[in-house]
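Q: I should like to learn how to read the features of a protein model. Could we work through some of them in turn?

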Amino acid sequence: MSGHWEVVIGLEIHTQLATKSKIFSGASTAYGADPNTQACLVDLGYPGVLPVLNAEVVRMAAKFGLAVNATVARRSVFARKNYFYPDLPKGYQISQYELPIVEYGELFIRDDEGREKRVGITRAHLEEDAGKSVHTSFAKSSGIDLNRAGTPLLEIVSEPDLRSAREAVAYMRKIHSIVRYLEISDGNMQEGSFRCDANVSVRPRGQEELGTRAEIKNLNSFRFVERAINFEIERQIEVIEDGGEVVQETRLYDSDKDETRSMRSKEEANDYRYFPDPDLLPVELDDAFVEAVRATLPELPDAKQERFVAHYGLKAADAEILTTSRAQADYYEVVAEKTSANAQLAANWIIGDLSSLLNKEGIDIQESRIGAADLAGLLDRIADNTISGKIAKEVFDAMWSGEGSADQIIEARGLKQITDSGAIESIVDAVIEANPGQAAEYRSGKEKLLGFFVGQVMKETGGKANPAQVNQILKEKLE
Amino acid sequence: MLARLRLEDGESDDVVEKLSRIVDFVDQLQAAPTDDVLPMAHPLNMSQRLRADEVTEIDQRDFVQENAPSTEGGYYLVPKVIE
Amino acid sequence: MAGKDQALHMRTLASLTRGLAAGEFSSRELTEALLARIESHQPALNAFITITAELALLQADRADKVRAAGNAGPLNGLPIVHKDLFCTQGVLTTCGSRILDNFVSPYDAAVVERVAAAGAVMLGKTNMDEFAMGSSNETSYFGPVANPWDKKLSPGGSSGGSAAAVAARLVPAATGTDTGGSIRQPAALTGTTGIKPTYGRVSRYGMVAFASSLDQAGVITRSAEDAAMLLGVMAGHDGRDSTSVDHPVPDYGAALGKSVKGLKVGVVRQHFDEGLDDECAARVKDALKTLEDAGAELVDVDLPNIGLSVPTYYVVAPAECSSNLSRFDGVRFGHRAEDPEDLLDLYCRSRGEGFGAEVKRRVMTGTYVLSAGYYDAYYLKAQKVRQLISQDFKNAFERVDVIAGPTAPTTAFAIGEKTDDPITMYLNDIYTIGANLAGLPGISIPCGFAAGLPVGLQLVGPHFAEATLLASAHQYQQMTDWHLEAPGDFE
C-alpha cells in the first residue's frame, strides 16, 4: 500500500442474538427449517397483527453495552425504516434510529505495530432481520422464505477508527469473541449469525477531512473482510491516482473473483423515511435492571488475559490466544488447575498439538476428544518424569484415538520411562563398550559426540529412558 | 416512486392537484410556535412492555398460504429479482 | 323503556337481554328475524360487505344451548356486526378495499374474540371507507352506504355501514373504529350513540391499522346503556398489543346511575365559531341547557391550538398510513396484478389497482411528509403541535369533567357533495380529531334534529373517563327521547 495514503475504516457488525423466539413474535428462531414454517403472522406482516418486544433481546443488548464500557440508554426508541423489498414483508424494517439502546462504547485491539489501540463503538442498536430470497430454484421467479424475518439482530457500529484491513479484522474478532463470551450470539458465520458491512475510504496522509467512502455489504468471514477491504483500498487509490473520484455507493464483495463491485441497481434514491414506530412504545430501563444485567457479566477476554499472565505466568501472546474463546480459556483453566505440570506447558499443548488436531477435524474445543482433565493427566506424567515429551505426543495421539487415559496407554504400551539409575547405567555401559572409537574421540575433547551416545541409549530403550538422567550418567561414565 | 403506486392515465393530474391543496392546507402548521415543545409520538405516556422469550407459534404455513397469490414448495413467488 | 310489545328489531341490547333471559324468544328467532331484515334492506342501504347468515345461525344455536345449560355470558345470544377491518377467522375481511377483496383472515381480532367469548352472534361485516380513510363512506370499493334518514345522503364515515345498520334497526349494536372521528361522526349523522374510548383501552390486535397512534376501536349502539354493556366486554388489557393499557376496566353499567348534578361541563368557544351550521348549533345549545337544568355546571374553556388539529392530523395520519399500508404488496395476500413484468411492476400495479383514490392520496401525502428534507417541517412539526393540543386538553380537564359541543359541523350531506374537495371533507372531523390526537375518550349522542336530520352532541373526557361519559350520556338519554327516534322507513 502506498505510504502516501491513509486508510479509514468503520465496521457495522450484525450479530444475531441467540434467543429462542423472534424479536417481536413468538415464532422460533431455529436455523434451517423448511421455508416459511417459522414465519408467523407477525413475521409475515399480516394485516392487523402487532409487534411485542422480546425481553431477552433487551437484556442481551444491555449486556453487550456493559461489556464494551458503553452507556446503556435508559430510554430507547424503535423506528421504522421504510423501503420495498420482497424479503421485507411489512415494507419497513423495525430498527432503532435516533435513540439506540447502546451508545459510546469502546474496545482495545493491537494495531499493526503491536501497540494497544482503542476503537470507539458509536452505538449498538436492536433491529429485526429480513427474510431470504432464493433466485436459483425457479425459472422466472424468485422464492421468498421469511423464516429469518424477525430474527433479532444487534447492529454494532464502530467509529471510523480502523486504519487497515488487519485492524478491521482484529476488531471484528474481538467483537466476535465478546458476543460469544457473553453468550448473546453463537457467532456462527456460515449461518449468517455474524456478518458485517465495511465503510472504507482513503485520504492523503495528514488530511483532516475524510475521503468519500464506499460501503461493502454483507461480509461473512474474517478472510473476506480482509480481502474485500484490501481490494477496495487499492481500487480507491487507483481511482484517485488516475485522476478520478471515488463514488459514494454500496458495493458487494465477490469472493470467487476476489473483487468488489457496485450494486447501483439496488440503490436508487435511498430515502428510508425513518419515523418512530407507533406500534411500539419507548423502551425504558431503570438502574436496577442495568445493575442486574451487570451482575451476570462474565470475566471478559481482556481481564482474563491479564489474569492468565499474572496468575499462571503465561506469555502475553499465549494468554491472548487462549482467551479468544471462553470455551478454550475454560478448558485451559481446568488443565492448568488440575495438572501438577507447569502452566506454560499446559498452554503450549493447547495452543500447539490440541489446536492443530481440532483445526484438522474442524471441531470446537467443547467437542474435543480429549477432555481437559485427561489432558491434565497426560501432563502430570510428563511432570513426574513417567514419560518424556516425545513419548507424550505418542500417548496424546492414542488418547485422541480413544485408547483410554494417559495412564492406561502408558501402561498398555509399556511406555513408562526408565528412571532406575541402575538399569540406565548398565545400558550406558553396554553402549560405551560397543562404541570404543567414539568414546575415545569424546574423551579427547570432541564433546559433540554426547548426542550420539544419547541417541544410542534412547534407541536401546525405545525412547523410554529419562533424557536428563541419560545425559548425566553418560557424562559421568565418559569422564 | 417511493410509495410504489401506479396511477392510471388521467388519474395523475387530479392527484397532483389535490395533493398540492392538501400540502397547502397542512402548511398552516408552520405558523405555530413550537420552540421547546417535545414531539408527541404516542397519546399515552407509557413504556414498552416486554414479552418472555418463549416460542408460542406453531407452523401454519399451508393454511396461511391459502391467501397467497403465488407459492411453490413453501416459498412465496415474485418475479425474478436480479441482484 | 323498550319492552315486550316492541318488535325485536326495535329493541336495544338491554331490552333483548331481558327478553332472552325471560325466554320470550330464542337467540335463533332473534337472529333469523334480523337476518331477514338485513337481507331486505341491503340493496337500498349497502351497509354490509359480508352477511354471515350461516355462521350466525350456528352461533345462535350454540348461544341457546349455552343459555339452557345456565352458562350465558354477558352478551349471550345478542346480535352484533363488526366493521370490516376487524379480522374474522374464516370470513372475508376487506377493509373496504379492492386490495383485500379476496382476503380471508386466518385469525380473529381481539375485539372479535372477546365479543364472541361473551356469547354474541355475528351477523356480518359492515361497509366502510377504504381502510377507514374517509368521512362519508364513499371511498369504499364496495360502493357508498345510504343514510337511513334519507337514502340520497351519506351516513358519514368511516364506520358508515355500522352506523347505518344500527340506525336502520337492522342490528342493535355494531363495532367501529375511530381514527379521526370515524365512530362519532357517523353516529351523529345517523342519530345513533357512538363511543370512542381512550387510546389503548381496547386492543388493536387484529384491527387493520390505518394510523396506529390514533386508531381506537369502539361501538355504535342506540343508547349509552347498550354502549356501556358492549364496551365493558371489549375493553381490557391484551398482551398482543404493546399499546394496550393494563388498567382495570370499571363496571360501566353500574356507573350509569351517576347524576350529572355538579358535573362540570366545559364549553369550548372555538367550537361555535364559523363553520358550524346554525341549526346544529341551536340543538347543541339546547342539549347543554338540558344538562345545566339537571344540575350540571357549564364552564367556558379555551383550547387555543384546537384550530390546528385538522392539519396536524393530516400530517400524522397519512405518515403512519403510508407505512402501515406498505405491507399490501401483492406477495403474501391480497390483490395481485396480472402478469407483472418485474418486481417493480408487481408492486406498482398491484397497489395502483388495489387502492382507491383517497387511499393513494393519503399514502402519497404520508410519503411526502416523511421524506428527507420535509420530515422536520411537516412530520416533526405536526408531532409538536400534537403535543400542544394535548396539553390544551390537559389544562382544560383541570377545570372541567367533560367537554361538550357539536360532533359534526353539519347534518348528513349528500353522497357526492364533498368528494371533489378533500379539504372540505377533512373539515367534517374538525370537532372530533382533537380527541384522537390527545388519545381521549369521546361519545356522540343524538340531541335533536335539524331539517329532519339528526344532530349529534359530543362529550369528550380525560383519559379513562369512559364511565363519566357513558353516565352523562345515559342521564341525558333519560331526560330526552332523541335516541329513540327511528328513521321513518325503518320503524
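A: The turns below take up a helix, a single residue and an interface in this predicted model.

Q: How does one judge a helix, and what span should the 13 residues of α1(A) have?

A: The general idea is to compare an expected span with the distance in the model. At 1.5 Å a residue, helix α1 of chain A (residues 55-67) should span 18 Å, and its end C-alpha atoms lie 19 Å apart, which agrees.

Q: What is found at the N-terminal end of α1(A), and which residue just after the helix takes a positive phi?

A: One looks at the residues that flank the helix. At the N-terminal end, A:Asn54 acts as a cap, with a side-chain oxygen 2.9 Å from the backbone nitrogen of A:Glu56. Just beyond the helix, A:Asn69 has a positive phi of about 60°.

Q: How many residues of α1(A) are buried?

A: An α-helix has 3.6 residues a turn, so residues three or four places apart point the same way. In α1(A), ten of the 13 residues are buried, so the helix is largely enclosed by the rest of the structure. Among them are A:Val57, A:Met60, A:Phe64 and A:Leu66, and also A:Lys63.

Q: How does one read a single residue: is A:Gln328 buried or exposed?

A: Relative accessible area is the guide, and buried means under 20%. A:Gln328, in helix α8 (residues 326-338) of chain A, has a value of 12% and is therefore buried.

Q: Which residues is A:Gln328 in contact with, leaving aside its neighbours within four places in sequence?

A: They are A:Ile321, A:Leu322, A:Ile350, A:Ser355 and A:Ile365. The side chain of A:Gln328 also reaches the backbone oxygen of A:Leu322 at 3.5 Å.

Q: How is an interface read, and what area is buried between chain C and chain B?

A: One considers contacts, area and composition. Here 71 residues of chain C are in contact with 45 residues of chain B. The buried area is about 5,200 Å², with carbon and sulfur atoms giving 67%. On the chain C side, C:Arg361, C:Met364 and C:Lys381 lose the most area to chain B, together 12% of what that side buries.

Q: How many salt bridges and polar contacts does the rule find across the interface of chain C and chain B?

A: The rule finds two salt bridges and 16 residue pairs in polar contact. The side of chain C that touches chain B receives its most residues from α13(C), which gives twelve. That side divides into 35 nonpolar, 21 polar and 15 charged residues.

Conventions: Residues are numbered from 1 along each chain as its sequence is written. Chains are lettered from A and ligands numbered from 1 in the order in which they are written. This is a predicted model: local features need pLDDT of at least 70, side-chain atom pairs count only at pLDDT 80 or more; totals for chains, interfaces and linings use all residues. Side-chain values use heavy atoms; hydrogens and water are left out. Contact means heavy atoms within 4.5 Å. Buried area is the accessible area (1.4 Å probe) that two parts lose on being put together, summed over both. A salt bridge is a side-chain nitrogen of Lys or Arg within 4 Å of a carboxyl oxygen of Asp or Glu. A polar contact is a pair of N or O atoms within 3.5 Å; within protein, one must be able to donate a hydrogen and the other to accept it, and residues adjacent in sequence count only if both atoms are side-chain atoms. Helices (H or I, at least four residues) and strands (E, at least two) are DSSP runs, numbered from the N terminus. Ala, Val, Leu, Ile, Met, Phe, Trp, Tyr, Cys and Pro count as nonpolar, Asp, Glu, Lys and Arg as charged, and the others, Gly among them, as polar. The expected span of a helix is 1.5 Å times one less than its number of residues. Buried means under 20% relative accessible area, exposed over 50%, partly exposed in between (1.4 Å probe, protein chains only).
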